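Trainee: I should like to go through the terms applied to this model and the values behind them.

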Amino acid sequence: MPPTITAFESSPDRGRGQARDMRVRWALEEVGQPYDVRLVSFKEMKQPAHLVLHPFGQIPTFEDGDLALFESGAIVLHLAERHAGLLPLEANARGRAIAWMFAALNTLEPPIVELGMAMLFERDKSWYEARLPMLQDRVRTRLGELSARLGDADWLDGAFSAGDLMMVTVLRRLNTSGLLDEYPDIAAYVARGEARPAFRRAFEAQLAVFTAASRS
C-alpha cells in the first residue's frame, strides 16, 4: 500500500501551492514514490481521529504502515533518508543538506510567516503601516544573507537536495510580497525549483483539489 498524506479539503491559499502538504507532495514526486491523499476539513482537523496523527490539528500528516508522522520537515527528512534523490551519499554533504533544511524552517520561515500573517490579517489595524517596514526589513536581512551564500550557484550546496526543496517552498511564500524582486539571484533560484518536473506534478495535484472544491 502506498503511504497516505493529509491535505486541506479546500485550499486556503486558493491554489497557490503554499499549504505545507506541497512540500511532502514534492518530495514524494522527486523520489518517485506513489502516494494517496486524504482530504480533511478544518473541522475534521480538530477531531480526535486527526489529533491522534497531528497533536496540533494541522496538515500534513504521513502514514506508512504502522508509522505516522507529522510536521512537513520531519516527513521530508524521513522520505529523503529512505529514498535516493534528496540527500547526497557523501556524509559531510548529507549533513550540510540537512542543515539547510533546518535553516529553511528555523531561520527563514519564521520572519517570512510573520510578515505574511501581518499582510493578511493586520491591514486594518492602526499599527500596520508602522510595523510593516520592520517586518519587511527582518526578511530582507535573511534574504541578503542567503543571497551572499548562494552567489551564482544553481543550488545551495552542489546538487539539488532536500535542503533546496524546503528552502524553495519557504521562499515561495514571498511571491506576492515583492521582496523577491529585490534579490534576482534568489528569485531565479526559486524559479529553478518551480521548474523541476516533480514540483510541477506536485503543484498540479494540489491545484486540482482547489479547482474541484471551487466547482462544488
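Trainee: What makes Asp21, Met22, Arg23, Val24, Arg25, Trp26, Ala27, Leu28, Glu29, Glu30 and Val31 of H1 buried?

Mentor: Buried means under 20% relative accessible area (exposed is over 50%, partly exposed in between; 1.4 Å probe, protein chains only). Helix H1 (residues 21-31) is mostly covered, with 11 of its 11 residues buried. The model is predicted: local features need pLDDT of at least 70 and side-chain atom pairs count only at pLDDT 80 or more, while totals for chains, interfaces and linings use all residues. Residues are numbered from 1 along each chain as its sequence is written, and side-chain values use heavy atoms, with hydrogens and water left out.

Trainee: Why is H5 called roughly parallel to H7?

Mentor: H5 and helix H7 (residues 162-171) pack at an angle of about 10°, with their axes 7 Å apart. Angles under 35 degrees count as roughly parallel, and therefore H5 is roughly parallel to H7.

Trainee: Which residues of H7 make the contact?

Mentor: Contact means heavy atoms within 4.5 Å. Ala162, Gly163, Met166, Met167, Val170 and Leu171 of H7 take part, and Trp100, Leu105 and Glu109 are among the residues from H5. By class, this contact of H5 with H7 has 13 nonpolar, one polar and one charged residues.

Trainee: Which residues lie nearest the centre of the largest pocket?

Mentor: They are Asp13, Gln18, Met117, Leu120 and Arg173, among 33 lining residues; a lining residue has an atom within 4 Å of a point of the pocket. The largest share of this lining, 10 residues, comes from H5.

How values were computed
Helices (H or I, at least four residues) and strands (E, at least two) are DSSP runs, numbered from the N terminus. On a 1 Å grid over the protein atoms alone, a cavity is a set of points where a 1.4 Å probe fits but cannot get out, and a pocket is an open set with protein on both sides within 12 Å along at least five of seven lines; lining residues have an atom within 4 Å of a point. Axes are lines fitted to C-alpha atoms, for helices over the stretch in contact, and angles run from 0 to 180 degrees between N-to-C directions. Angles under 35 degrees count as roughly parallel, over 145 as roughly antiparallel, 65 to 115 as roughly perpendicular and the rest as oblique. Ala, Val, Leu, Ile, Met, Phe, Trp, Tyr, Cys and Pro count as nonpolar, Asp, Glu, Lys and Arg as charged, and the others, Gly among them, as polar.
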